[in-house]
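Me: Please pick one spot in this structure and take me through it slowly, side chain and neighbours included. After that, tell me how it sits in the rest of the chain.

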Amino acid sequence: MISRSKKLPPGSVIGIIGGGQLGRMLSQAAKNLEYKTVILDPIPLCPAGQVSDHQIVANYNSISAAKSLSNMCDVVTYEFENVDLECLMKISEDIDVFPSPEILRISSNRILEKQKLRNIGAPTVEFLPINSIEDFNQAKRIIGFPMIIKTASSGYDGKGQKLLKSEHDIDDYLINSINTKKSFIAEDFSDFNCEISVICARNIEGDIITFFPSENIHENHILNISIVPPRVSNKVITSARNLAINVAEALDLVGLLAVEMFLTKNNELLINELAPRPHNSGHYTMNGCETSQFTQLIKILTKQPLGNTNLSCSSVMINLLGDLWINNSSKPDFDKLNKSKNIFVHLYGKDEPRIGRKMGHINITSENISDAFIKAMEIKSKLSN
């Protein structure tokens, strides 16, 4: 569908496919700008459904639900990559979908994603597609050990991937999966200094801007802490922002794109993954920037000028996982934290904590990053005890 650059007036309806925490915070940002939201998610009263104007309770692959969403909305987006591409394309026949279904097609498949990055000249680790045992044997010869092997699709927070340090780590399940034509990608194991990510915003007019890069620390493959500004040189920060812009422009992005990168021991940046949506590492923007990543996406969807992304303060974001609820005898008490200056607790409305499940996050702000980081470590220690 051909998009028009005319601003959508307040009261227009934004459709969001996916009802998790990203959809929830996006709905809240929309409401602050006087827009309505409709959520498509199979779980009644999902986190986003709790705060939206309406929820369509249906599976993501329901063509009838997709049709209902397009009939009810003026524009549609999605909050995660594992949505149904066919349904998204069906919606795009009637109304605008941002980011485009083509970007989702690429970013939801690790092989297509890496091939696209290679084609546009973006730096990545060495990789090879795995569609057969012959491909896997070739990867062992060319990439060698250690290597990371990942499912081509449906992976997140470390799911669907395994580190192979030697032949001894290859199990029957992996071999059987390859033999049954399940697609994988083999990647060289990168010995990196740190991981950073940049969220890039681009509107329908082609205006483009980045949020400040964040330094990301993971635990058990799940983002644990984001530190902004990152503890890297200004040269690396500039290079990371430029790299994200180059990728967003090559994809003809309209929306948000999170570009996850490794900073190697040689001070080189390698792109790890792309996410065409708001991103966990961008939650700091809710309290650390004039415009949050969620408000920015609403502005893009409704065809408004981009908001200011300058840092208003240094920030540290802490993820709150279900482990805190399960491993402690009582529910964490966030009331005292909420009353503290420069500490902002954001809970996601999930009623069932599980190990590794993201239940919320805390933003800690300060005039300098050292103070924010020290305070964040104190909070993590107290919550864990």
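Reply: One term first: a polar contact here is a pair of N or O atoms within 3.5 Å, where one must be able to donate a hydrogen and the other to accept it. Keep in mind too that this is a predicted model.

The spot I'd pick is His 283. You'll find His 283 in the loop between strand S15 (269-275) and helix H9 (285-288). Its relative accessibility is 1%, and buried means under 20%, so His 283 counts as buried. The side chain of His 283 makes a polar contact with the side chain of Gln 293, at 3.2 Å. That fits the definition above, since 3.2 Å is within the 3.5 Å cut-off.

Now the neighbours. Setting aside residues within four places in sequence, His 283 is in contact with Leu 22 and Met 25, with Gln 293 and Phe 294, and with Met 317, Tyr 348, His 361 and Asn 363. If you want a reference point outside that list, try Ser 340: it is 57 residues away from His 283 along the chain, and their C-alpha atoms are separated by 19 Å.

Follow the partner next. Gln 293 belongs to helix H10, and Gln 293 is one of the buried residues there. Helix H10 spans residues 293-301, and eight of its nine residues are buried, so the helix is largely enclosed by the rest of the structure. Besides Gln 293, the buried residues of H10 are Phe 294, Gln 296, Leu 297, Ile 298, Lys 299, Ile 300 and Leu 301. Notice that Phe 294 turns up twice: Phe 294 is a buried residue of H10, and Phe 294 is also in contact with His 283. Just after H10, Lys 303 takes a positive phi of about 65°.

Another of the His 283 contacts, Met 317, brings us to strand S16, which covers residues 314-321. Ser 314 is in that strand, and at a relative accessible area of 9% Ser 314 is buried. The side chain of Ser 314 reaches the backbone nitrogen of Ile 369 at 3.5 Å. Ignoring its neighbours within four places in sequence, Ser 314 is in contact with Val 228 and Pro 229, and with the run Ile 364, Thr 365, Ser 366, Glu 367, Asn 368 and Ile 369.

Going back along the chain, strand S15 (269-275) comes before the His 283 loop. Leu 270 and Ile 271 are touched by Thr 124, which is found in the loop between helix H5 (110-119) and strand S6 (127-130). Thr 124 also touches Lys 114 and Leu 117, again not counting residues up to four places away in sequence. With 17% relative accessibility, Thr 124 counts as buried.

A few backbone oddities elsewhere deserve a look. Two of them are cis peptide bonds. The bond from Phe 98 to Pro 99 is cis, with omega near -15°, and Pro 99 lies in the loop between strand S5 (96-97) and helix H4 (101-107). Phe 145 and Pro 146 are also joined by a cis peptide bond, with omega about 0°; Pro 146 is in the loop between helix H6 (133-142) and strand S7 (147-151).

Then there are positive phi values. His 221 has phi near 70°, positive in a residue other than glycine, and lies in the loop between strands S12 (214-219) and S13 (222-228). While His 283 is buried, His 221 is exposed, with a relative accessible area of 51%. Asn 342 likewise has a positive phi near 70°. Asn 342 is in the loop between helix H12 (335-338) and strand S17 (343-347) and counts as partly exposed at 32% relative accessibility.

Zooming out, the protein chain has 13 helices and 18 strands. Its radius of gyration is 21 Å, which agrees with the value near 21 Å that a compact globule of 385 residues would have. The C-alpha atoms fill a box of roughly 60 × 50 × 45 Å along the principal axes. Of the 385 residues, 55% count as buried. Among contacts with a separation of 6 or more, 62% are between residues 24 or more positions apart. The accessible surface comes to about 17,300 Å², with 47% of that belonging to carbon and sulfur atoms. As for charge, the mean positions of the 40 positive and 43 negative charges are 3 Å apart.

Technical notes. Residues are numbered from 1 along each chain as its sequence is written. This is a predicted model: local features need pLDDT of at least 70, side-chain atom pairs count only at pLDDT 80 or more; totals for chains, interfaces and linings use all residues. Side-chain values use heavy atoms; hydrogens and water are left out. Helices (H or I, at least four residues) and strands (E, at least two) are DSSP runs, numbered from the N terminus. The radius of gyration is taken over C-alpha atoms; the globule rule is 2.2 Å times the number of residues to the power 0.38. Buried means under 20% relative accessible area, exposed over 50%, partly exposed in between (1.4 Å probe, protein chains only). Contact means heavy atoms within 4.5 Å. Accessible areas come from the Shrake-Rupley method with a 1.4 Å probe; for residues, only the protein chains shown count as cover. Lys and Arg count as positive and Asp and Glu as negative; His and the chain ends are not counted. The place of a charge is taken as NZ of Lys, CZ of Arg, CG of Asp or CD of Glu.
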